[in-house]
Amino acid sequence: IYHWMDNLISIGFVTALDYQNPYLSPYEEMQRFKTHPEIKQLLEGGKRISYGARALVEGGLQSLPKLTFPGGLLVGDAAGFLNVAKIKGNHTAMKSGMLAADTLISRLDNKTKYGEQFTKYEERFKKSWVYKELYKVRNIRPAFQKGLWMGLANAVFQTLGGWRLPYTLQHAHPDHAALKPAGEVEKIDYPKPDGILTFDRLTSVQLSNTYHEENQPSHLKIKDASVPVAVNLPQYAGPSQRYCPAAVYEFVEEAGATKFVINAQNCVHCKTCDIKDPSQNIVWTVPQGGGGPNYTSM
């Protein structure tokens with residue numbers, strides 16, 4: 001977020017996480033985006049006052065998980081109720097909360113104590129306008145895995161009425177599986193930040209007001225500690241140091257050996273690492289003490 005005289009300007013930039021080049025950095029792409037003449041003129045003279053990042057749940061209707069489990073249910077973004085065509089989900093989150101409340105009240109009236117108590121929630125969801133809205137846009141995102149132009153053409157077709165056809169496209173692969181080995185792609189060299197319009201990640205993270213207790217265990221779990229250096233670094237040029245928008249991961253040289261370092265205190269809880277790690281070796285967990293970013297200007 002930038003402050004310019006008496007106005008606030010929020011710049012949002014989305015990078016699909018099924019990108020192929022391990023040298024690509026979503027954060028650096030956002031910095032480069034700001035240098036476009038049309039965007040630059042909006043930001044000149046302003047002051048950067050806030051920063052944040054997160055992964056969008058863009059799988060759509062065909063990627064929704066089971067919405068209930070014994071003792072609970074999933075609502076809003078946790079369930080994946082994002083309209084990816086509009087990049088909008090506040091309205092569906094609020095409605096799903098209302099459906100959840102209706103379900104909880106009905107079950108409390110019946111005084112059911114054990115088992116999976118809230119199965120009516122999924123029935124209510126499928127009868128609501130939330131389901132209808134997500135159904136209309138279900139085929140927009142999967143088509144982009146066939147390329148930009150195919151995706152754009154399909155998006156137009158779906159918007160003009162193609163959603164009425166009964167087929168549902170499936171996602172070809174998980175996002176992490178799209179990454180190619182570093183030797184098969186061209187390296188991307190990003191310009192250094194100028195400190196006026198473009199900035200480095202660490203100073204941006206400071207503006208997210210993220211905070212974790214100093215001595216708390218790392219909430220970023222590594223399944224196999226050898227994988228980052230033995231697999232991800234030689235095969236994919238260590239993509240975690242680029243896909244993370246908060247400079248959490250880095251490879252450092254110590255005593256002639258390469259070491260994988262996790263700066264968990266920087267984490268803004270975007271969950272990109274959990275999604276994009278090519279070896280699926282990183283697991284994001286809830287931090288002890290509820291630490292994380294505090295987006296005061298959002």
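Trainee: Which residues does valine 248 touch, not counting those up to four places away in sequence?

Mentor: In this predicted model, valine 248 touches Leu220, Val261, Ile262, Asn263, Ala264, Asn266 and Cys267, once residues up to four places away in sequence are not counted. Contact here requires heavy atoms within 4.5 Å.

Trainee: What place does Val248 have in the largest nonpolar core?

Mentor: That core has 27 residues, and Leu220, Val248 and Tyr249 are the ones that touch the most other members. The elements that give two or more residues to this core are helix H1 (26-34), S7 and strand S9 (282-284). A second, separate core of 13 residues includes Leu64, Leu67, Tyr121 and Phe125.

Trainee: Why is alanine 247 called buried?

Mentor: Its relative accessibility is 19%, and buried means under 20%, so alanine 247 counts as buried. Alanine 247 lies in the loop between H11 and strand S7 (249-254), and its phi is near 55 degrees, a positive value in a residue other than glycine.

Trainee: What makes a positive phi worth a remark?

Mentor: Most residues other than glycine have a negative phi. Alanine 237 also has a positive phi, of about 60 degrees, although it is not a glycine. The loop that holds alanine 237 runs between helix H10 (227-236) and helix H11 (240-243).

Trainee: How do you know whether alanine 237 is buried or exposed?

Mentor: Alanine 237 has 13% relative accessibility; since the limit for buried is under 20%, alanine 237 counts as buried.

Trainee: Why is glycine 97 called partly exposed?

Mentor: The relative accessibility of glycine 97 is 30%, and partly exposed is the class between under 20% and over 50%, so glycine 97 belongs to that class. Glycine 97 sits in helix H4 (residues 90-110), and its C-alpha atom is separated by 44 Å from that of glutamine 235, the two being 138 residues apart along the chain.

Trainee: How do you know that serine 204 is buried, and what is it in contact with?

Mentor: Its relative accessible area is 2%, which falls under the 20% that defines buried. Serine 204 is found in helix H9 (residues 201-207) and, leaving aside neighbours within four places in sequence, is in contact with Tyr27, Arg48, Tyr51 and Phe199.

Trainee: What makes tyrosine 51, one of those partners, count as buried?

Mentor: Tyrosine 51 has 7% relative accessibility, and with buried set at under 20% the conclusion is that tyrosine 51 counts as buried. Tyrosine 51 is found in the loop between strand S3 (47-48) and strand S4 (68-69). Tyrosine 51 and serine 10 are 41 residues apart in sequence, while their C-alpha atoms are 9.5 Å apart in space.

Trainee: What is the secondary structure of the protein chain, and why is the chain called as compact as a globular protein of its length?

Mentor: The protein chain comes to 12 helices and nine strands. Its radius of gyration is 21 Å, close to the 19 Å that the globule rule gives for 298 residues, so the chain is as compact as a globular protein of that length. Along its principal axes the C-alpha trace spans about 65 × 45 × 45 Å, and 41% of the 298 residues count as buried.

Note on methods:
Residues are numbered from 1 along each chain as its sequence is written. This is a predicted model: local features need pLDDT of at least 70, side-chain atom pairs count only at pLDDT 80 or more; totals for chains, interfaces and linings use all residues. Side-chain values use heavy atoms; hydrogens and water are left out. Helices (H or I, at least four residues) and strands (E, at least two) are DSSP runs, numbered from the N terminus. The radius of gyration is taken over C-alpha atoms; the globule rule is 2.2 Å times the number of residues to the power 0.38. Buried means under 20% relative accessible area, exposed over 50%, partly exposed in between (1.4 Å probe, protein chains only). A nonpolar core is a set of buried Ala, Val, Leu, Ile, Met, Phe, Trp, Tyr and Cys residues joined through side-chain atoms within 4.5 Å.
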